[in-house]
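This report concerns a single structure, shown below with its sequence. The sections that follow take up burial, strand pairing and side-chain contacts in turn.

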Amino acid sequence: MKKLILVRHAKSSWKHDLSDINRPLKERGFNDARLVAETFDTYNFQIDAVLSSDAVRAMTTAEIFKDVLKISEIDFSLKHALYDFSGESLVNVIKNCNNNIDSLMIFGHNYALTNFVNSYGSKYIDNVPTSGVVVINFDITDWGQLKKGKTILTLFPKELK
């Protein structure tokens, strides 16, 4: 059994004249990410590895979750391939994960995340919101054999306020 925990980056700011990859979070993003991370922490999921897009907004969201969940640096790495909006690179990253990893957390972007959860999960989600978490279980032992799984949890900031 493999577990995938997908997290869309928190709400980012457009007020700075920066390239897209360098956009920071806005205050609401920090607050929503902490709220969702604290709620997620109550589920006590084991996390074997964390991968994040190298976009500032995704890395910052991942740092907030790492702090709340007390995830070590050893379990965390950045992947430029996750700076993906279509979802093709996201699927490739997942399929190429080490099979010693049973529970994988990924911080990424839309449209890739919404497309993935609707293609591989069992619950239709119109749009994974910023700071949204979707957890999917897969009845596989090899990430390369990725197939439709079962959506077991969604946590969205609007539902927690």
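A residue counts as buried under 20% relative accessible area, as exposed over 50%, and as partly exposed in between. The model discussed here is a predicted one.

## Salt bridges within helices

A search of the whole structure finds 8 salt bridges. One of them joins Asp32 to Arg28, with the closest N and O atoms 3.3 Å apart. Both residues belong to helix 1, and because they lie 4 residues apart there, about one helical turn separates them. The two partners differ in exposure class: Asp32 has a relative accessible area of 4% and is therefore buried, whereas Arg28, at 42%, is partly exposed.

In helix 2, the side chains of Glu63 and Lys66 form a salt bridge with an N to O distance of 3.3 Å. These residues are 3 apart in the helix, so they too are separated by about one helical turn. Glu63 is partly exposed because its relative accessibility is 38%, while Lys66, at 4%, counts as buried. Elsewhere, Asp20, Arg23 and Arg57 are joined into one network by salt bridges that share partners.

## A link between two helices

Arg34 and Asp67 also form a salt bridge, in which the closest N and O atoms are 3.1 Å apart. This pair connects distant parts of the chain, since Arg34 lies in helix 1 and Asp67 in helix 2 (residues 56-69), 33 residues apart. Arg34 has a relative accessibility of 33% and so counts as partly exposed. Asp67 falls into the partly exposed class because its value is 48%.

## Strand 4 and its partners

How many residues of strand 4 are buried? The strand spans residues 103-108, and 6 of its 6 residues are buried, so it is largely enclosed by the rest of the structure. In a regular strand, side chains alternate between the two faces of the sheet. In strand 4, Ser103, Met105 and Phe107 point one way, and Leu104, Ile106 and Gly108 point the other way. Residues of both sets are buried.

Strand 4 pairs with strand 1 (residues 2-8) through 6 bridges, and the two run parallel. Within the strand 1 pairing, Lys3 stands opposite Ser103 of strand 4. Strand 2 (residues 49-52) is likewise joined to strand 4, in this case by 4 bridges, and this pair also runs parallel. Here Ala49 has Leu104 of strand 4 as its bridge partner. Ser103 and Leu104, which point opposite ways from the strand, thus take part in pairing with strand 1 and strand 2, respectively.

## The surroundings of Ser12

Where does Ser12 lie? Ser12 is placed in the loop between strand 1 and helix 1 (27-41). With a relative accessible area of 7%, Ser12 falls under the 20% limit and is therefore buried.

The side chain of Ser12 makes a polar contact of 2.3 Å with the side chain of Arg23. When neighbours within four places in sequence are left aside, Ser12 is in contact with Arg23, Pro24, Leu25, Lys26 and Arg57. Two of these residues, Arg23 and Arg57, belong to the salt-bridge network that also includes Asp20.

Notes: Residues are numbered from 1 along each chain as its sequence is written. This is a predicted model: local features need pLDDT of at least 70, side-chain atom pairs count only at pLDDT 80 or more; totals for chains, interfaces and linings use all residues. Side-chain values use heavy atoms; hydrogens and water are left out. Buried means under 20% relative accessible area, exposed over 50%, partly exposed in between (1.4 Å probe, protein chains only). Two strands pair if DSSP finds at least two bridges between them. A polar contact is a pair of N or O atoms within 3.5 Å; within protein, one must be able to donate a hydrogen and the other to accept it, and residues adjacent in sequence count only if both atoms are side-chain atoms. Contact means heavy atoms within 4.5 Å. A salt bridge is a side-chain nitrogen of Lys or Arg within 4 Å of a carboxyl oxygen of Asp or Glu.
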